[in-house]
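Let's take a walk through a protein chain and see how some of its pieces sit against each other. Keep the 3D view open and turn it as you read.

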Amino acid sequence: MDTSRCLPLKKLLLPGMVVLALAGVLVFSGPGRVCAAPGDLWETLNTKAFSYFQKGLYDDAIRTAEEAVKVAVETFGPDTDKVALSFSNLSLFHRLRGDLSKAEYHLKMAIRIRKNALGPDHPSVSDFMMSLADLYLLEKKNTQAEKTLLEVLASRERSLGKAHPDVARSRDRLAAMYEALGRFEEAVPLRETSLKHWGELKGAEHPDMAEHLAQLARDYEKLGRTDDAREAYEKSIAIWESSAGFDNPDLVKPLNSLAGLARSQKKAEEAVQLYRKALLLQEKALGPDHPDLAAQMTKLSDACIETFNYAEAERYYQRAIEIWRKSKGKGQTQMAEAMTNLAELYVLLQRHSEAMPLHEEALAIRERLLGERDTSVADSLNNLARLYQYQGNNAK
């Protein structure tokens with residue numbers, strides 16, 4: 001027997017693995033050595049590579065994955081799908097390690113082999129192509145990423161038919177890329193088609209439709225199509241309420257989005273009502289002292305100022321600051337922003353003595369966390385200078 005491919009037993013087995021003497025599975029070839037039957041060594045190497053990577057032993061993981069490629073070529077042949085899988089695993093390790101050029105090279109090898117083995121429109125080829133598009137985006141190769149995603153969409157339409165969920169997912173992925181690049185004019189038609197597609201697949205009132213509508217609404221808002229955005233947000237909220245109840249915390253995000261849109265449309269009273277509703281849902285879900293609750297309170301306070309409800313704005317700014325003080329370092333920059341806003345409210349109300357310590361503390365927080373050259377530090381200094389002027393202290 002050729003034992004050149006055999007590994008020492010202690011190197012082949014993973015920690016905790018039990019050796020079972022099953023016929024045809026393990027073949028002993030000398031003291032302390034074991035040789036896997038065809039295919040088993042390849043699987044063992046893959047498992048071992050992932051185990052190394054999970055332990056942070058990246059060089060060992062990559063070296064073992066490279067060995068798995070060689071074993072796959074020798075065992076199964078150079079143009080088989082197991083070789084493609086081996087290259088894909090090696091690509092993943094390089095990608096997670098941060099070596100994107102090597103990740104791209106090995107993934108392209110996997111795609112070439114899988115295309116030759118299974119055909120260019122095979123669904124598993126599209127899966128590898130989607131990973132390649134993600135790599136291109138990480139490498140800032142946006143043109144190649146777009147071309148790849150368009151190719152995947154066309155391939156899935158040919159092989160699966162336009163009514164298949166994977167076609168809708170491909171369309172959503174392409175839209176997400178356009179959104180990340182700020183190309184909302186190209187994202188919107190894709191999202192609109194996808195919304196119709198998902199509605200046909202799942203039903204117009206399915207809970208998943210709420211998020212599809214919310215994303216389309218955000219795109220409409222980016223394009224200044226505020227009426228379309230409002231309609232989509234309202235439909236999204238209605239689906240959440242009908243499918244999961246009025247107390248569903250998932251309502252918080254679309255409520256906040258609609259409130260933000262209302263503010264942009266100078267509908268501050270509506271925004272206040274929406275922020276209040278979102279706050280109640282969050283408080284019920286998270287408890288009274290969660291940092292996320294503080295962030296929600298500042299949104300409500302900002303809207304209250306626009307409705308001249310200064311007492312409520314003050315109350316929620318104070319509560320938010322109190323929560324952040326208790327949160328052991330979480331949300332400190334947000335707390336500084338809330339302090340600044342509350343201080344400016346006090347300036348508006350001619351309560352300068354209460355504004356001063358808030359501006360001073362906000363400045364100290366920003367200098368400590370962001371550095372003296374940060375623009376927010378300059379803003380704090382300007383706020384303090386203006387307050388000193390109001391008090392007649394021009395020297396400071």
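Before we start on helix pairs, here's how their angles work: axes are lines fitted to C-alpha atoms, for helices over the stretch in contact, and angles run from 0 to 180 degrees between N-to-C directions. Also keep in mind that what you're looking at is a predicted model.

**The chain as a whole**

The chain has 396 residues, and 44% of them count as buried. Its secondary structure adds up to 18 helices and 3 strands. If you take the contacts between residues at least 6 apart in sequence, 56% of them join residues at least 24 apart.

**Helices α13 and α14**

Find helix α13 (residues 268-286) and helix α14 (residues 291-306): their axes come within 9 Å and cross at roughly 165°. Angles over 145 degrees count as roughly antiparallel, so α13 and α14 are roughly antiparallel to each other. Their crossing is left-handed.

Who does the touching? On the α13 side you'll find A268, A271, V272, Y275, R276, A278, L279, Q282, E283 and L286, and on the α14 side D292, L293, Q296, M297, K299, L300, A303, C304 and E306. Sorted by class, that contact has 12 nonpolar, 2 polar and 5 charged residues.

Let's zoom in on D292, which belongs to helix α14. Is D292 buried or exposed? Neither, really: D292 counts as partly exposed because its relative accessibility is 42%. Leaving aside residues up to four places away in sequence, D292 touches Q282 and L286. Q282 is 10 residues from D292 in sequence, and their C-alpha atoms are 8.0 Å apart.

**Helices α2 and α3**

Now move to α2 and helix α3 (residues 58-76), which pack at an angle of about 165° with their axes 8 Å apart. That angle makes α2 roughly antiparallel to α3. Here too, the crossing is left-handed.

From α2, the contact uses L41, W42, L45, N46, K48, A49, Y52 and F53; from α3, it uses Y58, D60, A61, T64, A65, E67, A68, V71, A72 and F76. These residues divide into 13 nonpolar, 2 polar and 3 charged.

**A group of aromatic rings**

A pair of aromatic rings is described by the distance of the centres and the angle of the planes. This structure holds 5 such pairs, and here are two of them:

| Pair | Centre to centre | Angle between planes | Kind |
|---|---|---|---|
| F50 and F93 | 4.9 Å | 65° | edge-to-face |
| F53 and Y58 | 4.6 Å | 50° | tilted |

What does the pair of F50 and F93 link? It joins distant parts of the chain: F50 is in helix α2 (residues 40-54), while F93 is in helix α4 (residues 81-97), 43 residues apart.

How do these four rings fare for accessibility? F93 counts as buried, because its relative accessibility is 1%. F53 counts as buried too, at 14%. F50, on the other hand, is partly exposed at 30%, and Y58 is partly exposed at 34%.

Try selecting F50, F53, Y58 and F93 together in your viewer: they form one aromatic cluster. You've met two of these residues already, since F53 of α2 and Y58 of α3 are among those making the contact between the two helices.

Key:
Residues are numbered from 1 along each chain as its sequence is written. This is a predicted model: local features need pLDDT of at least 70, side-chain atom pairs count only at pLDDT 80 or more; totals for chains, interfaces and linings use all residues. Side-chain values use heavy atoms; hydrogens and water are left out. Helices (H or I, at least four residues) and strands (E, at least two) are DSSP runs, numbered from the N terminus. Angles under 35 degrees count as roughly parallel, over 145 as roughly antiparallel, 65 to 115 as roughly perpendicular and the rest as oblique. A crossing is left-handed if the near helix is turned anticlockwise from the far one by less than a right angle, and right-handed if clockwise. Contact means heavy atoms within 4.5 Å. Ala, Val, Leu, Ile, Met, Phe, Trp, Tyr, Cys and Pro count as nonpolar, Asp, Glu, Lys and Arg as charged, and the others, Gly among them, as polar. Buried means under 20% relative accessible area, exposed over 50%, partly exposed in between (1.4 Å probe, protein chains only). Rings of Phe, Tyr and Trp (its six-membered ring) pair if their centres lie within 6.5 Å; planes under 30 degrees apart count as stacked, over 60 as edge-to-face and the rest as tilted.
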